Amino acid sequence: MSQPTQSAASAVAFDLRETDLFAFCRKGGNVTGEVVTRDLPRILAETAEDAPASAPEETFRYMLAGFVREEAVEPGEPVSKRMFLDVTVNGRVWLDCQRCLQVYPEPIATKMRFEVMMSEEAADEAPMDDDELDVIVGSKKFSALDLIEDEVLLALPSAPKHAVCPAVHESLVTGTDGEVEPEAPPEEEKRPSPFAALASLKTKH
Ligand SMILES: [Zn+2]
């Protein structure tokens, strides 16, 4: 018996743009692969304008795993066959740092479990009290590519920043540090600083 290779077996059946998601879950499908940023127009739109020319070639590694579990939607309810999809996406997106204004690659590492519903109606009725589990409506022509793109978009920070900025942008340095300008007006120097005034107030208490 030859060794079955998972990726080779699923690569034949799996079309990232159009797959039967119900069948994928029922057979316990599992695929890994890569998508390129240029195939993700909404990620391209979020990419910084001054990103390196290679930014559209940045790849995202994904893993999709479908499975079925027989369990009740809520305790006490009848057990039913529920379909799930685990989606893992890793990669990076070039963004502008809000602190130093320089472009940098934001690492993306997202993992989410979805319950796959048969219809919009079923999705609307699903209890939404589980933070760990989101709901998607499956289809026989499901675009996993759109779902992967959604996941990357959701993983983008609302305020992108380097973990540690390489340098503070000069526009943010000028005039904000303690250096006294040589031509500073004399009355400016005589005025007590608000902080000094505060300090003297504090010592009186
Ligand atoms: Zn920065």
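These notes go through the zinc site, helix α5 and the aromatic pairs of a predicted model.

1. The zinc ion is held by four residues, namely C97, C100 and C165 through their SG atoms and H162 through ND1, at 2.0 to 2.4 Å. The angles among the 4 donor atoms run from 98 to 118 degrees, and the site is accordingly classed as tetrahedral. For reference, the ideal angle for four tetrahedral donors is 109.5 degrees.

2. Along the sequence, the donor residues follow the spacing C-x2-C-x61-H-x2-C. Because C100 sits in the loop between β3 and β4 while C165 sits in the loop between α5 and α6 (170-173), this pair ties together parts of the chain that are 65 residues apart in sequence.

3. Two of the cysteine donors can be described further: C97 counts as buried at 1% relative accessibility, and C100 is likewise buried, with a relative accessible area of 1%. As for cysteine pairing, a search of the whole structure finds 0 disulfides.

4. Helix α5 covers residues 144-155, and its length can be checked with simple arithmetic: at 1.5 Å a residue its 12 residues should span 16 Å, and the end C-alpha atoms are 17 Å apart, which agrees.

5. Which residues of α5 are buried? They are A144, L145, L147, I148, E149, E151 and V152, a list in which two glutamates appear beside the aliphatic side chains. The cover over these buried residues includes the strands β1 (30-36), β2 (59-72), β3 (79-96), β4 (103-117) and β5 (133-137), together with helix α3 (41-46). In general, an α-helix has 3.6 residues a turn, so residues three or four places apart point the same way.

6. The count of aromatic pairs comes to 2. One of them joins F14 and F24 in a tilted arrangement, with 5.2 Å from centre to centre and 50 degrees between the planes. Since F14 lies in the loop between α1 (6-13) and α2 (21-26), and F24 in helix α2 itself, the pair ties together parts that are 10 residues apart in sequence. Both F14 and F24 are buried.

7. F67 and F84 also form an aromatic pair, which is stacked, with 5.4 Å between the ring centres and 20 degrees between the planes. This pair links distant parts of the chain, F67 being in strand β2 and F84 in strand β3, 17 residues apart. F84 is buried with a relative accessible area of 2%, whereas F67, at 19%, is also buried but should be read with the cut-off in mind, because buried means under 20%.

Note on methods: Residues are numbered from 1 along each chain as its sequence is written. This is a predicted model: local features need pLDDT of at least 70, side-chain atom pairs count only at pLDDT 80 or more; totals for chains, interfaces and linings use all residues. Side-chain values use heavy atoms; hydrogens and water are left out. Helices (H or I, at least four residues) and strands (E, at least two) are DSSP runs, numbered from the N terminus. The expected span of a helix is 1.5 Å times one less than its number of residues. Buried means under 20% relative accessible area, exposed over 50%, partly exposed in between (1.4 Å probe, protein chains only). Contact means heavy atoms within 4.5 Å. Donors are N, O and S atoms within 2.8 Å of the metal (3.2 Å for Na, K and Ca); water is not among the atoms, so sites may look incomplete. Four donors count as tetrahedral if all angles lie between 85 and 135 degrees; four count as square planar and six as octahedral if opposite donors are over 155 degrees apart and all others between 65 and 115; anything else is irregular. A disulfide is a pair of cysteine sulfur atoms within 2.5 Å. Rings of Phe, Tyr and Trp (its six-membered ring) pair if their centres lie within 6.5 Å; planes under 30 degrees apart count as stacked, over 60 as edge-to-face and the rest as tilted.
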